[in-house]
Amino acid sequence: MLEFQASLRREAFKLNLEFSAPAPSVTALFGRSGAGKSTVVALLAGLLKPERGRIVLEEQVLFDSATGVNAPAEERAIACVFQDARLFPHLDVRANLRYGQHRVRGRPTPISEAEIVELLGLARLLERRVHELSGGEKQRVSLGRALLAQPRLLLLDEPLASLDAARRDEVLPYLERLRDEIRIPIVYVSHSFDEVLRLAEHVVLLEHGEVLASGPVARICLEPALHAIAGEGVMGSVLEGSVVNYDTDEGLATVKCGQLSLRVAVAAAPRERLRIFVPAGDVVIALNEVKEVSTRNVIPVEIVRLEPLEGSVLLHLEVGGRALLARVTHSAVRELRLAEEVRCYALVKAVAAQGRRFPGRGDRAPAGPGNQAPGERT
Amino acid sequence: MSSVALSPSEWQAFWLSLDVAARSVLFSLPVAIVVAWLLARRRFLGRTVVDAFVHLPLVLPPVVVGYFLLLLFGTRGPIGSWLKSTFDLQLVFTTAGAALATAVMSFPLVVRAIRLSIENIDPGLEDVARTLGARALDRFLTITLPLMTPGILVGTVVAFSASLGEFGAVITFASNIPGETQTLPLALYTALQTPNGDVAAARLAVLSVGLGLAGLLASEWIARALRRRFGR
């Protein structure tokens, strides 16, 4: 568990925020550039001192302006990966990896070099010099170096932002493996909601140095504040559930999310946990149950809220306790007389829904100290 | 034949020049590293004054520097008399004195070269080292110092070459004593003052040009080798 509360004033910038990140999950700090994300990283790592505040990591007070506690960065055991990998240019890959490992100072060392080399695919790179690496390889080495420092918290500050799309797709699977296999709480800073959807369980929404909202990904997706910050691209709903059936011939997975059963065109294995993102613009609303239609999901829903946007309306729908978003035009709202408490049908194309394997750390055995209470995660 | 070969006294001047230059670099390098680091990485009161003071020898006539050294380090100067009474060490009219004079003169060149290389180091690297558990001295020794080596090496070569040619400050502070403080330029000057000394002067001049070129080539070669190593 990480508790963070800090305020800081600069000439043109004011930061005053508070959030907590349940361990051992991945918490995303999401916001536009200039929102204060990197300042939070520096404050957490101990590279910057807040004017007032309190930072507590797993019951250890790292900073407290009231009592004057301020643990220096070198003793916080919070390892960082920055956008520009920041590998030491005078050392080779192996020496870079071992830099933090040699300075662990009596902390337990559950993460072995062999494990990291395997997990991040670094075997072929060990003898290389840093300037011979591609951008994606640099970030993998940087990740390995941070993990081998045996951190109590891993801080990833836009680790993919300086990579092109191809390199990003090369590194993302490694981040997913790391999330699934290494039990260290991670704070992931990003301005790409796509990355947040793929990696994070909790989101802290930042703007102008303040927290606009925070909570599980599925709930934050419903926040008007997110829609205002991130735009149409991220408007959609997140449904998490497990695969009950996968039809190999059709390439269709049936996923059970609470009482809702959704068919999506995603390759998956039965019982696997999936996170499904349904873009709001791909959901069609019908007043009657349509029979002969190509969409694989016709879901009876109830409208709970209308969120007017520029040029369209975002309908917040509910089905069996789960939320679904649909973006429709103002004229559709008028003609269909869509309003709160109206019951209708949501048509969701199986091919429009994006599915990601997402075990969710809270579901993983064994339950150790720091593991969170059941039911907190969907 | 005799007109090409160096005379024993000229050889003496040659070796003495190398000796003085080597000692001067040895004197100035550790101080220059600290000063360069302070100027590049620390904000402190009087930083501009220190900066200007360091660069003073570049803009002052060398004779003036020699004169101030005489005032400070002369047998009756505040530092000179203390050195004499405490360590029985005399700098005026000695090889060590010549080395001190050249060290002061070449100091700004060393500081500039090292400072430039420190300013080229991304402070983010030192931050990362901190988060990986490295304390201040550890960081300096394992990150900052290795990354400054290009500047230190280039600064050393430049300072060494410049020291070989220092004239005004040496002759003012340490005088022109063969075998003790008479380095190449001083020997050359003496040869020019001597009747029929022009052949000797030419030999010494060619030797100086050769040494200077060797120094410049060495610094260029080092810079290139380091660029390859760091891939910049």
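Guide: A residue is buried if 20 or more other C-beta atoms lie within 10 Å of its own, exposed if 12 or fewer, and partly exposed in between, with the C-beta atoms placed from the backbone. This model is predicted, so local features need pLDDT of at least 70 and side-chain atom pairs count only at pLDDT 80 or more, while totals for chains, interfaces and linings use all residues. Residues are numbered from 1 along each chain as its sequence is written, and chains are lettered from A and ligands numbered from 1 in the order in which they are written.

Visitor: Why is A:His208 called partly exposed?

Guide: A:His208 has 15 C-beta neighbours inside 10 Å. That value lies between the 12 that would still be exposed and the 20 that would be buried, so A:His208 counts as partly exposed.

Visitor: Where is A:His208 found?

Guide: A:His208 sits in the loop between β10 (202–207) and β11 (210–216) of chain A. Such names belong to DSSP runs, helices (H or I, at least four residues) and strands (E, at least two), numbered from the N terminus. The phi of A:His208 is positive, about 50°, although this residue is not a glycine.

Visitor: What makes A:Glu59 count as exposed?

Guide: Its count of C-beta neighbours inside 10 Å is 8. Because 8 falls within the "12 or fewer" range, A:Glu59 is exposed. A:Glu59 belongs to the loop between β4 (52–57) and β5 (60–64) of chain A. Its phi is positive as well, near 70°, in a residue other than glycine.

Visitor: How do you know that helix α1 of chain A is largely enclosed by the rest of the structure?

Guide: Seven of the nine residues in this helix (residues 37–45) are buried, so the helix is described as largely enclosed. The buried residues of α1(A) are A:Lys37, A:Thr39, A:Val40, A:Val41, A:Leu43, A:Leu44 and A:Ala45. After α1(A) comes A:Gly46, with a positive phi near 90°.

Visitor: What does the secondary structure of chain B come to?

Guide: Chain B has ten helices and zero strands. Its C-alpha trace spans about 70 × 45 × 30 Å along the principal axes. Of the 232 residues in chain B, 40% are buried.

Visitor: What makes B:Leu116 partly exposed?

Guide: B:Leu116 has 16 other C-beta atoms within 10 Å, a count between the two cut-offs, so the label is partly exposed. B:Leu116 lies in helix α5 (residues 95–119) of chain B. Its C-alpha atom is 10.0 Å from that of B:Ile152, 36 residues apart along the chain.

Visitor: Why are α5(B) and α7(B) called roughly antiparallel to each other?

Guide: They pack at an angle of about 160°, with their axes 8 Å apart. The axes are lines fitted to C-alpha atoms, for helices over the stretch in contact, and the angle runs from 0 to 180 degrees between N-to-C directions. Angles under 35 degrees count as roughly parallel, over 145 as roughly antiparallel, 65 to 115 as roughly perpendicular and the rest as oblique. About 160° is over 145, so the pair is roughly antiparallel.

Visitor: Which residues meet there?

Guide: Residues are in contact if their C-beta atoms, placed from the backbone, lie within 7 Å. In α5(B) they include B:Leu109, B:Ala113 and B:Leu116, and in α7(B) they include B:Ile152, B:Gly155 and B:Ala159. This contact divides into 13 nonpolar, six polar and no charged residues. Here Ala, Val, Leu, Ile, Met, Phe, Trp, Tyr, Cys and Pro are nonpolar, Asp, Glu, Lys and Arg are charged, and the others, Gly among them, are polar.

Visitor: Why are α1(B) and α7(B) called oblique to each other?

Guide: Helix α1 (residues 8–41) of chain B packs with α7(B) at about 140°, their axes 9 Å apart. An angle of about 140° fits none of the three named ranges, so this pair is oblique. Among the residues that meet are B:Val25 and B:Leu29 in α1(B), and B:Ile152 and B:Phe160 in α7(B). The contact divides into ten nonpolar, six polar and no charged residues.

Visitor: How many residues does the contact take from chain B and from chain A?

Guide: The contact takes 15 residues from chain B and 20 from chain A. On the side of chain B, α6 (123–131) and α7 (136–164) each give two or more residues. The largest share, six residues, comes from α6(B). That side divides into eight nonpolar, four polar and three charged residues.

Terms used:
Contact = placed C-beta atoms within 7 Å.
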